[in-house]
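The report that follows describes charged side chains, a pocket and a cavity in one protein chain. Please read it alongside the sequence and coordinates shown here.

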Amino acid sequence: MTQPVSPEVLPVAPGKSGCPINMTMELLGDRWSLIVLRDLMFSTNTHFRELLGASMEGIASNTLAARLAKLVDAGLLTRDDDPSHRQKVEYHLTEAAIELVPLITELGAWGARRLPTTPELAIRARLLADGGPELGQRFMNELRDIHLHRRPATENGVLAELTAAYQEIARASDHRNK
């Protein structure tokens, strides 16, 4: 017997089973979907070219286009006309995507503890995990302002703190490597 569908349930095809872990993995378990969501969460990039150019992992343009379309269709992103340019669109996180912050935080924290990551790329996950639910909630509220209400990122918000920590460690790493 299936659960009744509420208006908050995402518009995705039925999975191989009704298991919530399976359904989540079918939606997010490919190589790129979580990376695209991560890039939208941890940067101010909202345009296709910005996301493509800033990709540390080197996502191909056709793959990025496919993942963006998949995430829009699934209700995790919106695709909106850019008011500043007629030929551009912006991608924004939906509430459902913002609710993935705790999951992404835990994945990042686990990877920072258990995998050979670089300090500058692990710092955001560590700071979010160390900050606990309160910091995670502040970050989610900030993402709501940026993506749902279309307000610019604040200079003293969580995103700015995470970005500054990343940049500080990256600069220190660059100095050591010279």
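## Salt bridge between Asp30 and Lys70

Asp30 is partly exposed, with a relative accessible area of 21%, where buried means under 20% relative accessible area, exposed over 50%, and partly exposed in between, computed with a 1.4 Å probe on protein chains only. The model is predicted, so that local features need pLDDT of at least 70 and side-chain atom pairs count only at pLDDT 80 or more, whereas totals for chains, interfaces and linings use all residues. Residues are numbered from 1 along each chain as its sequence is written, and side-chain values use heavy atoms, with hydrogens and water left out.

The side chain of Asp30 meets that of Lys70 in a salt bridge with an N to O distance of 2.6 Å, the term being reserved for a side-chain nitrogen of Lys or Arg within 4 Å of a carboxyl oxygen of Asp or Glu. This pair links distant parts of the chain, 40 residues apart, since Lys70 belongs to helix α4 (residues 61-73) and Asp30 to the loop between α1 (20-28) and α2 (33-41). Helices (H or I, at least four residues) and strands (E, at least two) are DSSP runs, numbered from the N terminus. Lys70 is likewise partly exposed, at 28% relative accessibility, and a network of salt bridges links Asp30, Arg67 and Lys70.

## Other salt bridges

The count of salt bridges comes to 8. One of them joins Asp80 and Arg150, whose closest N and O atoms are 2.4 Å apart. Asp80 lies in strand β1 (residues 77-81) and Arg150 in the loop between α7 (119-148) and α8 (158-177), so the pair ties together parts that are 70 residues apart in sequence. Asp80 is partly exposed at 23% relative accessibility, and Arg150 is partly exposed with a relative accessible area of 38%.

Another salt bridge is formed by the side chains of Glu161 and Arg138, at 3.4 Å from N to O. Here the linked parts are helix α8, which holds Glu161, and helix α7, which holds Arg138, with the two positions 23 residues apart in sequence numbering. Glu161 counts as partly exposed at 41% relative accessibility, and Arg138 counts as partly exposed at 39%. Once neighbours within four places in sequence are left aside, Arg138 is in contact with Val158 and Glu161, contact meaning heavy atoms within 4.5 Å. The C-alpha atoms of Arg138 and Val158 are 7.0 Å apart in space, although the two residues are 20 residues apart in sequence.

## Arg124 and His47

Which side chain of opposite charge is nearest to Arg124? Arg124, in helix α7, is buried yet has no salt bridge, and the nearest side chain of opposite charge is that of Asp39, 7.1 Å away; for this purpose Lys and Arg count as positive and Asp and Glu as negative, while His and the chain ends are not counted. Not counting residues up to four places away in sequence, Arg124 touches Phe42, Leu162 and Tyr166.

His47, found in the loop between α2 and α3, counts as buried at 13% relative accessibility. Leaving aside neighbours within four places in sequence, His47 is in contact with Asp82, Lys88, Val89 and Glu90.

## The largest pocket

The largest pocket holds about 1100 Å³ of space. On a 1 Å grid over the protein atoms alone, a pocket is an open set of points with protein on both sides within 12 Å along at least five of seven lines, a cavity is a set of points where a 1.4 Å probe fits but cannot get out, and lining residues have an atom within 4 Å of a point. Grid points are joined across faces, edges and corners, and a volume is the space filled by probe spheres set on the points.

The lining of the largest pocket comprises 37 residues, of which Ile35, Arg38, Phe42, Met56 and Leu121 are the closest to the centre. Two or more residues each come from α2, α3 (48-54), α6 (101-114), α7 and α8, and α6 gives the most, with 7 residues. The lining divides into 19 nonpolar, 12 polar and 6 charged residues, where Ala, Val, Leu, Ile, Met, Phe, Trp, Tyr, Cys and Pro count as nonpolar, Asp, Glu, Lys and Arg as charged, and the others, Gly among them, as polar.

## The largest cavity

The structure holds 1 cavity of 30 Å³ or more, and the largest cavity contains about 40 Å³ of space. Ile35, Val36, Asp39, Leu51, Ser55, Ile59 and Leu64 line the largest cavity, with the largest share, 3 residues, coming from α2. By class, this lining divides into 5 nonpolar, 1 polar and 1 charged.
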